[in-house]
Amino acid sequence: MIPQSEIMMMAATAVAAVLLPFIFMFILRKKFKIRWLPFILGIGIFIVFALILEQIMHYIVLSPSADGTIGLLSAAPWLYVLYGIFAAGIFEETGRLLAFLITKRHYKDIDSAVSYGIGHGGIEAATVVGLGMLNGIVLAVLINSGSEALSALPAAPEDLIQSGPWYMYLVTIGERILAMTLHIGLSVIVFCAVMMKGKWWLYPLAILLHALANTTAAMMQAGLLTNIYLMYASLIIMTAVTVAIAAKLVKDYRENVYSL
């Protein structure tokens, strides 16, 4: 049986994940105007580039064998990590680049980059955490009701729900806050790569920052790292570095007029 308290925590976490972009809008509204088209574009680009195109690439490169093992992960874990972090960086930052190239004639203020980042990070939070928690809730209800549908699952139903102390749900939301902050920073960096003369190198920098931010998580997935606190510490550091770069670019962009 799955405790009702845990089901409630999953529900609260799912709702919080969905509300995150609106919370970010509320917090940032005094410094940045929300541009709705870039916000929606951020959602669409993430769906196309991260959830469709990147997943097609993963299917080709990481297609599991008959026994469910991934050849690249088994043969070369470090190569698996490098592939994973740069695939995410290249697909998502290229999506940002394309979005800002398409809209640069109509959205020339830095606010549009922040709006895009909120949309990009917000839909990621909704899909990664929101849908994940919803799946857990449905599974928990089926377990508690003794549904016969669970007999078709390849593993014990209880093993499919990663139970943990209550504060881990807060950690999950904290991680999404960091991820959204990172996406806003990366969006500003790529926006400036498009809008500022001679700053094209900011695009590959964004790919590198994105990849580095994902490195410890990919290492844990590959079994090369077991310390979850080190993973979160690394994400905090990379988010801080990215935001510091983005903040400097926002200041420069607002203080200077760049011809396109």
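## A guided tour of an eight-helix chain

Within this chain, 81% of the contacts with a separation of 6 or more are between residues 24 or more positions apart. Keep in mind as you click along that this is a predicted model.

**Stop 1: the whole chain.** Show the cartoon and colour by secondary structure. You should find eight helices and zero strands, in the pattern α-α-α-α-α-α-α-α along the sequence. The radius of gyration is 20 Å, close to the 18 Å that the globule rule gives for 260 residues, so the chain is as compact as a globular protein of that length. If you turn the C-alpha trace onto its principal axes, it spans about 65 × 40 × 30 Å.

Now switch on the surface. Its accessible area comes to about 13700 Å², and carbon and sulfur atoms account for 70% of that. Of the 260 residues, 43% are buried.

**Stop 2: the main core.** Hide the surface and select Ile 110, Ile 118, Val 188, Phe 191 and Cys 192. These residues have the most contacts inside the largest nonpolar core, which has 40 residues. Which helices supply at least two residues each to this core? They are H1 (4-28), H2 (36-61), H4 (77-103), H5 (111-145), H6, H7 (202-221) and H8. H6 gives the most, with twelve residues. As background, nonpolar side chains in soluble globular proteins tend to be buried together.

Stay with Ile 118 for a moment and display what surrounds it. Beyond its neighbours within four places in sequence, Ile 118 is in contact with Pro 21, Phe 24, Met 25, Leu 28, Ile 34, Phe 39, Met 180 and Ile 184. For a second, separate core, select Ala 14, Leu 139, Tyr 169 and Ile 173, which are among its 13 residues.

**Stop 3: the aromatic rings.** The structure holds four aromatic pairs. Select Phe 191 and Tyr 253 to see one of them: the rings are edge-to-face, 5.5 Å centre to centre, with 65° between the planes. This pair links distant parts of the chain, since Phe 191 belongs to helix H6 (residues 167-195) and Tyr 253 to helix H8 (residues 228-255), 62 residues apart. Are these two residues, Phe 191 and Tyr 253, buried or exposed? Both are buried. Add Phe 100 and Tyr 116 to the selection, and you have one aromatic cluster made up of Phe 100, Tyr 116, Phe 191 and Tyr 253.

For a charge over a ring, move to Arg 29. Its charged end sits over the ring of Phe 26, 4.0 Å from the ring centre.

**Stop 4: a serine in H5.** Next, select Ser 115, which lies in helix H5. Its relative accessible area is 1%, so Ser 115 counts as buried. What does Ser 115 touch, not counting residues up to four places away in sequence? Show Lys 33, Ile 34, Arg 35, Pro 38 and Phe 39 to see those partners. Two of these names should look familiar from the previous core stop: Ile 34 and Phe 39 are also in contact with Ile 118.

**Stop 5: a lysine in a loop.** Finish at Lys 197, in the loop between H6 and H7. Lys 197 counts as exposed because its relative accessibility is 58%, above the 50% cut-off. Draw a distance from its C-alpha to that of Glu 93: the two atoms are separated by 19 Å, and the residues are 104 apart along the chain.

Definitions and conventions: Residues are numbered from 1 along each chain as its sequence is written. This is a predicted model: local features need pLDDT of at least 70, side-chain atom pairs count only at pLDDT 80 or more; totals for chains, interfaces and linings use all residues. Side-chain values use heavy atoms; hydrogens and water are left out. Rings of Phe, Tyr and Trp (its six-membered ring) pair if their centres lie within 6.5 Å; planes under 30 degrees apart count as stacked, over 60 as edge-to-face and the rest as tilted. Helices (H or I, at least four residues) and strands (E, at least two) are DSSP runs, numbered from the N terminus. Buried means under 20% relative accessible area, exposed over 50%, partly exposed in between (1.4 Å probe, protein chains only). A charge sits over a ring if NZ of Lys or CZ of Arg is within 6 Å of the ring centre and within 35 degrees of the ring normal. A nonpolar core is a set of buried Ala, Val, Leu, Ile, Met, Phe, Trp, Tyr and Cys residues joined through side-chain atoms within 4.5 Å. Contact means heavy atoms within 4.5 Å. The radius of gyration is taken over C-alpha atoms; the globule rule is 2.2 Å times the number of residues to the power 0.38. Accessible areas come from the Shrake-Rupley method with a 1.4 Å probe; for residues, only the protein chains shown count as cover.
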